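Below is a colleague's note for someone opening this structure for the first time. The points are numbered and can be read with the model on screen.

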Amino acid sequence: MRTTGVAILAALVASGAMRAGQGPPPGPPDWTLVVLGIAQDGGIPHLRCHDALCAAVREGRRRAETVASIGVVNRRTGEAYVFDATPDFRAQVHRLTGGRTPDGIFLTHAHIGHYTGLMYLGRESIGARDVPVYGTARMTAYLRSNGPWRLLVEQRNIELSTITPQKPMDLPGGLRVTSFLVPHRDELTDTVGYRIEGPRASALYVPDTDRWETWNTSIRDLADTADLALLDGTFASPAEVRGRDIAEIPHPMMPVTRELLRGARARLRFIHVNHTNAELDAPDVVREGWEFPL
Ligand SMILES: [Zn+2]
Ligand SMILES: [Zn+2]
């Protein structure tokens, strides 16, 4: 990470503290966070997977899991934002908005589960007009200079907006979004997580990260500044990835994350779960459709 943990924490806490002083507004919450998918990039069932879990889905005994994504919707105005555009983007937008194009899309990074859903905004699908797409400088440069994504830019289906990590962005209706850099395999772009603050509560979204000890800041400290932490639940045990060295598995293991966040202010929920993960049905793994008022 290029920035210091202290700086990240200072920026995030300052923005949170400022809003906390205002107190929650009266009446029902406008903003609701909705979980749109919980699986790792390859989805569940996973291709070439013949384990009991994948077989159960194929045989209709349990539901398939779409790829990790969250939406934030204003139930009064209908305004809606999506975090990560997954290969399941179509179904996820139907769930969030009833099919209406979201008002903005925030991307974490350029691994297939996190941005390829942008394809549904192009001419072959809805031919959207100027949908705001937010990403880091590396993410937006990547989309601008590589097909098929650059066609979306040239045809003005999407309008790229470069976000600066740690710099809060205020959206209409009292929603504030702040990105922060996350260590992860950065082949094509860098990677961010998001802090999403509504008038009532705040949530962290970090679906994909290397182990916590590679961070320059403490995820525990971040979790103490938020109400909900949706964190990388790819793997529960190194044993689940057969024939590979633990050193080659950079994700944090779920038990390690649980220990780190024990007693934290934020409620911990796992997202981005791999098809090999035996803890898919654990109570702290979030479910598609789960809602959290912001
Ligand atoms: Zn991923
Ligand atoms: Zn990734």
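**Notes on the metal sites and the fold**

1. Along the sequence, the residues that supply donors to the zinc ion (ligand 1) follow the spacing D-x72-H-x93-D-x63-H. They are Asp41 (OD), His114 (NE2), Asp208 (OD) and His272 (NE2), and they coordinate the zinc ion (ligand 1) at 1.9 to 2.2 Å. The model is a predicted one, and every value here should be read as computed from it.

2. What is the arrangement of the four donor atoms around the zinc ion (ligand 1)? The angles that these donors subtend run from 89 to 161°, which makes the arrangement irregular. A tetrahedral site would need all angles between 85 and 135 degrees, and the upper value of 161° does not meet that.

3. Two of these donors link distant parts of the chain, being 64 residues apart. Asp208 sits in the loop between β10 (202-206) and α7 (219-223), while His272 sits in the loop between β12 (267-271) and β13 (291-293). Asp208 and His272 are both buried.

4. The zinc ion (ligand 2) has its own set of donors: His109 (NE2), His111 (ND1), His184 (NE2) and Asp208 (OD), at 2.1 to 2.3 Å. The spacing of these residues in sequence is H-x1-H-x72-H-x23-D. Angles among the four donor atoms span 86 to 165°, and the site of the zinc ion (ligand 2) is irregular.

5. Which residue bridges the zinc ion (ligand 2) and the zinc ion (ligand 1)? Asp208 does, and the two ions lie 3.6 Å apart. When viewing the sites, Asp208 is thus a convenient place to begin, as a donor to the zinc ion (ligand 1) and to the zinc ion (ligand 2).

6. The site of the zinc ion (ligand 2) also draws on separate stretches of sequence. For that site, His109 comes from the loop between β4 and α4 (112-115) and His184 from the loop between β8 (175-181) and β9, a pair 75 residues apart that links distant parts of the chain. Both His109 and His184 are buried.

7. Next, the aromatic residues. The count of aromatic pairs comes to twelve. One of them joins Phe83 and Phe106, whose ring centres are 4.8 Å apart with the planes at 10°, so the pair is stacked; the cut-off for stacking is planes under 30 degrees apart. Phe83 lies in strand β3 (residues 80-83) and Phe106 in strand β4 (residues 104-106), 23 residues apart. Phe83 and Phe106 are both buried.

8. Phe83 pairs with Tyr194 as well, in an edge-to-face manner, at 5.3 Å centre to centre and with 70° between the planes. This pair links distant parts of the chain, since Tyr194 is in strand β9 (residues 192-197), 111 residues from Phe83 in strand β3. Tyr194, like Phe83, is buried. These residues belong to one aromatic cluster made up of Trp31, Tyr81, Phe83, Phe106, Tyr134, Tyr194 and Tyr205.

9. On the backbone, two bonds deserve a check. Most peptide bonds are trans. The bond from Ile44 to Pro45 is cis, with omega near 5°, and Pro45 lies in the loop between β1 (31-37) and α2 (52-58). The bond from Gly147 to Pro148 is also cis, with omega near -5°; Pro148 is in the loop between α5 (137-145) and α6 (149-154).

10. Most residues other than glycine have a negative phi. Asp84 has a positive phi of about 80°; Asp84 is in the loop between β3 and α3 (89-97) and is buried, with a relative accessible area of 0%. Arg156 has a positive phi near 60° and lies in the loop between α6 and β6 (158-162). Arg156 is partly exposed, with a relative accessible area of 42%.

11. Finally, the chain as a whole. The secondary structure consists of eight helices and 13 strands. The radius of gyration is 18 Å, close to the 19 Å given by the globule rule for 294 residues, so the chain is as compact as a globular protein of that length. Buried residues account for 54% of the 294 residues. Among contacts between residues at least 6 apart in sequence, 69% join residues at least 24 apart.

Note on methods
Residues are numbered from 1 along each chain as its sequence is written. Chains are lettered from A and ligands numbered from 1 in the order in which they are written. This is a predicted model: local features need pLDDT of at least 70, side-chain atom pairs count only at pLDDT 80 or more; totals for chains, interfaces and linings use all residues. Side-chain values use heavy atoms; hydrogens and water are left out. Rings of Phe, Tyr and Trp (its six-membered ring) pair if their centres lie within 6.5 Å; planes under 30 degrees apart count as stacked, over 60 as edge-to-face and the rest as tilted. Helices (H or I, at least four residues) and strands (E, at least two) are DSSP runs, numbered from the N terminus. Buried means under 20% relative accessible area, exposed over 50%, partly exposed in between (1.4 Å probe, protein chains only). Donors are N, O and S atoms within 2.8 Å of the metal (3.2 Å for Na, K and Ca); water is not among the atoms, so sites may look incomplete. Four donors count as tetrahedral if all angles lie between 85 and 135 degrees; four count as square planar and six as octahedral if opposite donors are over 155 degrees apart and all others between 65 and 115; anything else is irregular. The radius of gyration is taken over C-alpha atoms; the globule rule is 2.2 Å times the number of residues to the power 0.38. Contact means heavy atoms within 4.5 Å.
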